[in-house]
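Me: I have a structure to show you, and I keep asking why things get the names they do. Could you go through it with me, one term at a time?

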Amino acid sequence: MTATLSALGGVVKRREDPALIHGRARYVDDIKLANMAHAAFVRSPYPHARVTDIDASEALAMEGVFAVYTADDVRHLGLLLAQITVVNRPLLVDVAKHAGDAVAMVVAADRYVAQDAADAIHVEYDVLPSVTNMVKAATNEILVHDGMESNVILSWEGGPFGDEEGIAATRKTIAEARKRDDTVTVSIEMRNQRLLPTAIEPRCVLADWNGGYSRFDLYSSTQIPHALAGAVAKTFGLPYNSVRCLAQEVGGGFGAKLNVYSDEMLVCFASQKLHRPVKWTETRREAANSTIQGRGWVATASMTGTRDGELLGYELTGVCDMGAYTQNFTAAIPFLGVFVGSGQYKMPTYIKLDCVVTHTMTTDAYRGAGRPEAIYYLERILDAFAREIDMDPADVRRKNFIPNDAFPSAISPIGFAMDTGDYATNLDALLAKADYEGLKAERDAARAEGRLVGIGLSSYVEVCGFGPSGLVDLGFSWSEYGLPSAFNGNGVVRVHPDGTVTCVIGTGPSGQGHQTTWAQIISHHLAVPIENVRVIHGDTHESPVGIGSFGSRSAAVDGSATWMAADRVRDKAAKLAAHLLEAAPEDIRFADNEAHVAGSPYHKVSWSDIATLAYQPHRLPEGMEGGLEAAVVFSPANATWPFGTHLALVEIDPDTGNTQLLRYIAMDDCGEVINPMIVDGQIHGGIAQGVGQAMFEEAIYDEDGNLLSASLMDYLLPTAADLPSFELDRTVTPTDVNPMGVKGVGEAGTIGSAQPIVNAVVDALSPFGVKHIDMPVRPKRVWEAIQAAKGA
Amino acid sequence: MYPRAFDYVAVASIDEAIEALASHPGAKVMSGGMSLIPMMKLRLLSPETVIDIGKVPGLDQIEDGGDHISIGALVTHGAIVASSLLRAEATALVQAASWTGDVQVRNRGTLCGALAHADLAADSPAAVLALGATMIAQGPGGTREIAAADFFVDTLQSALTPDEVLVGLRIPKRGGGSAYDKLGRRGGHSDYAVAGVAAWVSMSGGVVSDCGVALTGVGTKPAMATAVMEALRGSGPDGVEAAASHATDGVTVLEDLYGSEAYKAHLARVYTARAVQQAMAAAS
């Protein structure tokens, strides 16, 4: 057997890949239980309609149909629990608030019959006035929810965040800067379009009620099994440990599975009623309207500064589309935008974002969640400002960075403490890697030939690795799900008598490679081969608490907890080894799956010897307890603030508007790195999704509330064929808020990558005087921008 | 993604397929299934019977017939891309096939299946139109030939009658050169055509002696651009732009998520010029 020993920073191939590549990974839809029934939903075709009649007689008469449930059947369970509670979703509706809202659930012997029965249910609707456009919704001409005075359900404002007097002072400073004769202000209204998260595995949930013990086993493709278990326990009036939630193989989440869904409660309800396991597998087309969407902002960004590039004030005001309901974090997503809204810069910043409900599917976290939107606006307007004053955008950036001596714990203009940063070094490293001056010369030469070539830059800062469990005091708890905190990390490390190690974590991968990186963390401390480490995740009965995998938090928070637990195990193992080797514990060294005495490598014992002793208490020295394991719950002092600089080079076909992405160069800084290959993989995927937003993807609702891009024929995802080879590198600025120094990298690629492309496209179109183009920069839109500029 | 129940009949010969079509009204014929199965899964189409001709022997051949090339009903897009004979004699078709779907679709999907499906934005129909192909349909009364120009009747509607199977096509070896160019939905050549144009030209004395030009993705069906062809005949490379300006004469341009009428009409002209120029370069 191979024995791979790896410390932090080692490239280790992903242990999970053989099962994934050979099709042996077991997803929820692969699980088949005896007597299992299947659910299908009847969904409203209208964005706003009252159900006046449901005729299920034909469906109920079909062979293999067990039950049809409607709103009346599940009203007693209450509304869907959500963390930020503003407009909670009913489990099944009497009045549909978006196309795709579920009005009935069918349970049948198989998924095909369930679908036939769903198609045979006749629903009559009284169609009501609807509003699917967030800007229109903000005028309150049509209210989305009865009994609410406004569609604007919440506003987030800063900075400083939460300081009214400070905000007034900031606004005054910016207004005065604008009035000065020597300043320039650039303002642009921009759309950050809605996206469909589109994990390769749509959601799937299987509930198995055990009436004898009054408990649920619940299998779900979720990023947050503990919150889901808590929500089911609360909804059904059960103790927390009567619900075992398992999320063992999750095929991508991107935030869309960072949600508790009504269908998860409904299959539990059906399983309890029918005394059968009940499964629901979402179809791709269904996912468009039953899984949360992301982004969806219309806002105006304004940048004021001097002609020599000193930024004196930044404003961002606009509306953010919540969709019809608030689910887990829906209304908090714009807050994450405010959080990072001033980016890497020190200029006074004022941001106000109104959260607006519309008759569309709910939005929530999608990779980056508020941060890609905020950084998009900032980096686009900064670029436009640089163009206006005719200064190189790299120089404007460098001139306005928060300086290195402000760290650690630099206070951003929005009022938040930023852990560590070294922005100028990172920018310069990117420019050197790209040969920026050479690239500009190439662009100018191409332009002289009449070709439309453009370079786009973007700096970015992210806030992630949540985080301090003290965020509970700011309202970010998960008490609605019965959990003590939305933000702590959990790690259990246990050594078995044969010297192998099991690690239990409260976070779970949806493709991030935890099986590999966690084994590396253990191997780093204990010098055991990663093949000897089993990593258990996604099981609420194995891990006492667990928050889940989202917000680029797993390594920084749960990884750190594991790191600390492994350190404790090592300390105890050193004592045990010292006892066996008749040496002092401080002289024990671990290497190659063994412990030896420093300076005497042949004076050694194996991990099996050590662990065997731990489980034979009679042999232990006096005062030592048996067992060899440790459990740590960790809360970092702060969130982490990764950052980076990305550059895109594009060429546009002037005759068609087709944009070709020629090169993409990224210089990221996510602090210390556990596995460079996995970090690069995260950046690759993140960039693909940012490029997807910039060039291809858009969830398009028509005026009647229909989602026109509900299938992958019309929702254009980037494929490998559409992307160049990304050129990646990194700088390393460790964080000081966790013992590993890691910051997190799950979302960085996405946060950094949409705006350099749009900046590059605008740069390419600058000969026409084009100042802005909204995403996605599809050929049609680019061509129309050229035509409009030519006509103007 | 759960189709309604249907009967599945795998036939061993075209005669069996025709018998099965006669005895199962409303049945659909399937070869690669790359269009039919997704439509069934979305319940946009729910045939009671699917007749699978995929296992019929002898239909997967590309044959040199001297003055023409025969392509059997089960020849995949991938096989077309790999054919050196077609690359030399029907470049436009090879290019169209190479930009159809992805590798998996090209390895399973068939040219004849795609033609019978008659999608208004598919690539291959434009190529077979421009190349002057002849479709061979077989029904209870025997076989009949249908000129490509008469084959595409409307959106998702071919000239095949419900009791017929498209068993193959012939592409004439007329010399000259051909090309297909397009703008795909995801830009470049990626995905369905926002606008795609195939051109075949035969040159004589520096001018076009004969030609075929066809559009896809622009109107309600893939169609010959007859006004372009008329303008091209007798003109040289400097006449291409003027000829291309007629690209959408008589065509009802359909607006969609990827282009307004004005944009798609513009693209039709741009890609007509590009395809014709490439075909001329190949012809000389």
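Reply: Gladly! Helices (H or I, at least four residues) and strands (E, at least two) are DSSP runs, numbered from the N terminus. This is a predicted model, where local features need pLDDT of at least 70 and side-chain atom pairs count only at pLDDT 80 or more, while totals for chains, interfaces and linings use all residues. Residues are numbered from 1 along each chain as its sequence is written, and chains are lettered from A and ligands numbered from 1 in the order in which they are written.

Me: Where in chain A does Gly159(A) lie?

Reply: Gly159(A) sits in the loop between β7 (152-158) and α6 (164-179) of chain A. The peptide bond that leads to it from Gly158(A) is cis, with omega near -5°. There is another cis bond from Met775(A) to Pro776(A), with omega near -10°. Pro776(A) is in the loop between α19 (748-764) and α20 of chain A. As background, most residues other than glycine have a negative phi, and most peptide bonds are trans.

Me: What is the phi of Phe254(A)?

Reply: It is near 55°, a positive value in a residue other than glycine. Phe254(A) belongs to the loop between β11 (243-246) and α8 (262-274) of chain A. Chain B offers a further case: Ala118(B) is not a glycine, yet its phi is positive, about 55°. You will find Ala118(B) in the loop between α7 (111-117) and α8 (124-130) of chain B.

Me: Why does Phe254(A) count as buried?

Reply: We count neighbours. A residue is buried if 20 or more other C-beta atoms lie within 10 Å of its own, exposed if 12 or fewer, and partly exposed in between, with C-beta atoms placed from the backbone. Phe254(A) has 26 C-beta neighbours inside 10 Å, so it counts as buried. Ala118(B) has 21 other C-beta atoms within 10 Å, so it is buried too. Across chain A, buried residues make up 58% of the 792 residues.

Me: What makes chain A as compact as a globular protein of that length?

Reply: Chain A has 20 helices and 28 strands. Its radius of gyration (taken over C-alpha atoms) is set against the globule rule, which is 2.2 Å times the number of residues to the power 0.38. The radius is 27 Å and the rule gives 28 Å for 792 residues; these are close, so chain A is as compact as a globular protein of that length. Its C-alpha atoms fill a box of roughly 90 × 75 × 50 Å along the principal axes.

Me: Why are β1 and β2 of chain B said to stand at the edges?

Reply: Two strands pair if DSSP finds at least two bridges between them. The open sheet here has three strands in the order β1-β3-β2 (chain B), paired in parallel. β1 (7-10) and β2 (28-30) of chain B each have a single partner strand, so one side of each is left without a neighbour in the sheet. Now test one pair: β2(B) and β3 (residues 49-52) of chain B are joined by three bridges. One of the matches puts Met30(B) with Asp52(B) as bridge partner in β3(B).

Me: And which strands are at the edges of the four-strand sheet?

Reply: That open sheet runs β11-β12-β13-β14 (chain B), with antiparallel pairing. Its edge strands are β11 (177-184) and β14 (223-224) of chain B, since each pairs on one side only. β13 (residues 207-216) of chain B and β14(B) share two bridges, and Ala214(B) stands opposite Met224(B).

Me: What makes helix α5 of chain B mostly covered?

Reply: In α5 (residues 91-98) of chain B, seven of the eight residues are buried. Among them are Thr91(B), Leu93(B) and Gln95(B).

Me: How many residues of each chain take part in the contact between them?

Reply: Residues are in contact if their C-beta atoms, placed from the backbone, lie within 7 Å. By that rule, chain A gives 25 residues and chain B gives 19 residues. The elements giving two or more residues on the side of chain A include α4 (111-119) and β27 (659-669). Within chain A, residues 24 or more positions apart account for 79% of the contacts with a separation of 6 or more.

Definitions and conventions
Contact = placed C-beta atoms within 7 Å.
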